[in-house]
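User: Hi! Could you walk me through this structure? I'd like to start with the metal and then look at some strands.

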Amino acid sequence: MDARSEDLHVVNRVKALLGEEGYAQAFAPIEEASGLPNAAYWSPEWLALERERVFQRSWVFAGAEAEIPEPGDMKPVEIAGAPLIIIRDQEGAVRCVHNVCRHRGARLLREPCNRSSITCPYHAWNYGLDGRLRARPHFSGPDKIDRFENGGGEKLDLVAARAETWNGCIFVNLSGDAEALEDWLAPLLRRTKGYDLSSIRWAGKLDFEVRANWKLVYENYMEGYHVFALHPKLLKFAPMNVRWSGEWDAHVFYNDYVFPELQEGRGDSLPHYPGLSEDDARRGLWSLCFPHFAVEVFPDQFTVLVSYPVAPDLTREELHIFLIGEAAICDEHRNAREAVFSMWDDLNREDLGVLELLQQGRLSPAYDGGRLSPHWEGPTHQFGRLLIEKIIST
Ligand code: FES
Ligand SMILES: [Fe+2]
């Protein structure tokens, strides 16, 4: 298939799944538009399109560098449905390889571990931390060992995936042809230039299983409209009248507010960013680098929220909490740190029930994507449009 007929083919697949009307809604003005149709939340074919056309071709957050701090540390991850391993190699660099043996295709690693090499659990092919094949015992006959001083070449070494790091965050791009990572992050960095992001230190993570489509997590994340109904403590911190809808700048969503005073878990007892302006010391901001790298910045933290689709109605969500400076992750601040973790745990659990309801509501043939608030939900609508544009883009 040539490139033009491939494009047409994708557009036709999108329209077949969403319907002409559902497709057109994504491009309608917010006053008339509805959200994405139910199929975008339930269809396995739609999820396959998202994996193949969005997650594989974008930068995706794959974990924190602090999760693999020492040479030989490795961790299995799954991105766009593909099993991968992130590895700290002997030189201290972060690498990513596909988590599949080049012999019969066994998955190599199940759990995070520290090893000097990777041995396949099936016939014990052995690979170095650089992914290159090192040895194949008995492959050429009993008691013979094939050894490879310089790896086995492109048919035998583990397949590498493009991986880069930024301030302790590891990003992977499976297609290998996404823009430079710094260009992808640029709109976020423009909005956070008052914050010394080189000072962020990983303090740990929270894991959630969400019985809803991954998009619902972000659609909910963007809008402050539901805060008065779901989040009493957050509402006290930042009432409805300091909130606005936020806006997209290219593929990056941005929203913020100025809060009246600090709160436990939000800036009140941990170190703040060095040299933070008075304005930013009273600001809460959150941002989403499409498709899934969301961050929330308070004066004392940089929290990363990422969702990984497992199935149309199941999402794995991780919150990686970065605090400011080495002292923040040492013993002296243990209690304040725990307050940040429980703030996030409570807040996120307040959302989980509603996310499930949104997923279940999308089983109803009486739901057509709904009516959106032009005041609050323009960016939510635009998220759907960006998704379709990315899927049909060349
Ligand atoms: S499948 Fe890995 S060595 Fe055989
Ligand atoms: Fe919420």
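**Metal site and strands**

Analyst: Happy to. One thing up front: this is a predicted model.

User: Good to know. Which atoms coordinate the iron ion (ligand 2)?

Analyst: The donors are NE2 of H226, NE2 of H231 and two OD atoms of D351, at 2.1 to 2.5 Å.

User: How are those donor residues spaced in sequence?

Analyst: The pattern for the iron ion (ligand 2) is H-x4-H-x119-D. H231 sits in the loop between α6 (227–230) and α7 (232–237), while D351 belongs to helix α8 (residues 334–361), so this pair ties together parts that are 120 residues apart in sequence.

User: And what is the geometry of the site of the iron ion (ligand 2)?

Analyst: Irregular: the angles among the four donor atoms run from 55 to 147°. Tetrahedral would need all angles between 85 and 135 degrees, and that range of 55 to 147° goes beyond those limits on both sides.

User: Is H231 buried or exposed?

Analyst: Buried, because its relative accessibility is 2% and the cut-off for buried is under 20%.

User: What about D351, buried or exposed?

Analyst: D351 is buried too, with a relative accessible area of 9%.

User: Okay, switching to strands. How many residues of β17 are buried?

Analyst: Nine of the eleven in β17 (residues 301–311), so the strand is largely enclosed by the rest of the structure.

User: Which strands does it pair with?

Analyst: On one side of the sequence there is β16 (residues 293–298), which runs antiparallel to β17 and is joined to it by five bridges. Strand β18 (residues 314–324) is also antiparallel to β17, with ten bridges between them.

User: What connects β17 to β16, and to β18?

Analyst: Hairpins. One joins β16 to β17 through two residues, and another links β17 to β18, again through two residues.

User: Can you give me residues to click on?

Analyst: Sure! For β16 and β17, look at V295, whose bridge partner is V304. For β17 and β18, try A311, which stands opposite L314.

User: Nice. Last one: how many residues of β1 are buried?

Analyst: Five of the five in β1 (residues 60–64), so this strand is also largely enclosed by the rest of the structure.

User: Which strand is joined to β1, and by how many bridges?

Analyst: That is β11 (residues 169–173), antiparallel to β1 and joined to it by four bridges. To find the pairing on screen, pick V60 and look for V172 in β11, which stands opposite.

Terms used:
Residues numbered from 1 in each chain as written. Chains lettered and ligands numbered in written order. Predicted model: local features only at pLDDT ≥ 70, side-chain atom pairs only at ≥ 80, totals over all residues. Heavy atoms only, no water. Buried < 20%, exposed > 50% of the residue type's maximum accessible area, 1.4 Å probe, protein only. Pairing = 2+ DSSP bridges. Donors = N, O, S within 2.8 Å, 3.2 Å for Na, K, Ca; no water. Tetrahedral: all angles 85-135°; square planar, octahedral: opposite > 155°, others 65-115°.
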